[in-house]
Amino acid sequence: MVKQERIAKASRPYELRTRADAMDRTRAAITKAAIELHGSIGPAATTMSAVAERAGVTRATLYRHFPNEDALFKACSAEWRSANPAPDAGQWATISDPYDRLALALPELYGWYRSSEAMRANLLRDLAGLPPAIRSGIESYPRTVADVLDAGWPRRCRLRRAAIGHAVAFETWRSLAHEGLSDVEAAKLIIGMISTAVQDARKRPSDTVAGVDT
């Protein structure tokens with residue numbers, strides 16, 4: 001009897017670990033299913049039932065892991081961002097020459113856009129229906145990149161800022177990529193556009209106020 005109790009006690013940690021591992025696998029399968037659906041049909045068309053079916057679990061099991069769509073979206077968003085990290089704009093800020101900064105940053109940014117095109121296109125299309133925190137992060141990233149790329153120039157320039165804002169937009173890269181341009185080619189074209197904006201601003205006195213380009 002004592003021996004049996006010892007065996008039972010020894011087996012409990014193993015059973016708990018086995019159960020925990022099974023729950024982790026189920027959670028991972030659900031998260032993966034949601035990511036695949038977001039990347040194929042988009043978040044707006046992804047239902048909890050569709051996620052459960054794709055993951056091979058019941059709706060009850062899905063809701064035990066994720067009580068609502070927001071909880072599931074946050075989990076799959078974190079998982080996807082971990083596997084597909086956006087370029088760190090802070091690293092570009094360490095490059096003093098603004099043209100060198102553009103030459104490094106834009107191909108890296110465009111490479112990330114290319115690798116995540118389907119997902120990002122769906123997220124931007126369905127942006128209004130995303131959880132506020134997720135939507136804010138998607139909207140703020142291009143602005144952060146534009147701020148970094150617009151810093152370090154001798155003067156503020158309205159035309160240059162507009163050109164850089166256009167340059168970092170996903171839609172800009174996509175239109176050029178669909179014309180058959182490589183990421184390096186697209187970056188060179190856009191840098192030329194920014195350079196033209198800078199030169200044009202210098203030639204237009206109306207764009208200068210109190211010695212500062214506006």
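Start by selecting R54, which counts as partly exposed at 47% relative accessibility (buried means under 20% relative accessible area, exposed over 50%, and partly exposed in between, with a 1.4 Å probe and protein chains only). You are looking at a predicted model, where local features need pLDDT of at least 70, side-chain atom pairs count only at pLDDT 80 or more, and totals for chains, interfaces and linings use all residues. Residues are numbered from 1 along each chain as its sequence is written, and side-chain values use heavy atoms, with hydrogens and water left out.

**First stop: E36 and R54**

Keep R54 on screen and add E36: their side chains meet in a salt bridge at 2.7 Å, N to O. The term stands for a side-chain nitrogen of Lys or Arg within 4 Å of a carboxyl oxygen of Asp or Glu. E36 sits in helix α1 (residues 2–40) and R54 in helix α2 (residues 48–55), so this pair ties together parts that are 18 residues apart in sequence. Helices here are DSSP runs of H or I with at least four residues, numbered from the N terminus. Like its partner, E36 is partly exposed, with 33% relative accessibility.

**Second stop: E117 and R174**

Next, select E117 and R174, whose side chains form a salt bridge at 2.9 Å, N to O. Helix α7 (residues 117–125) holds E117 and helix α10 (residues 170–177) holds R174, so the pair ties together parts that are 57 residues apart in sequence. R174 is partly exposed, at 30% relative accessibility.

**Third stop: D150, R161 and their network**

Now move to D150 and R161, where the side chains meet in a salt bridge at 3.9 Å, N to O. This pair links distant parts of the chain, with D150 in helix α8 (residues 132–150) and R161 in helix α9 (residues 158–167), 11 residues apart. Is D150 buried or exposed? D150 is buried, with a relative accessible area of 17%, while R161 counts as partly exposed at 30% relative accessibility. Add D147 and R160 to your selection, and you have a network of salt bridges linking D147, D150, R160 and R161. Across the structure there are seven salt bridges.

**Last stop: the cysteines**

Finish with C76 and C157. C76 is buried, at a relative accessible area of 2%, and C157 also counts as buried, at 6% relative accessibility. How many disulfides does a search of the whole structure find? The search finds zero, where a disulfide is a pair of cysteine sulfur atoms within 2.5 Å.

Terms used. Helices (H or I, at least four residues) and strands (E, at least two) are DSSP runs, numbered from the N terminus.
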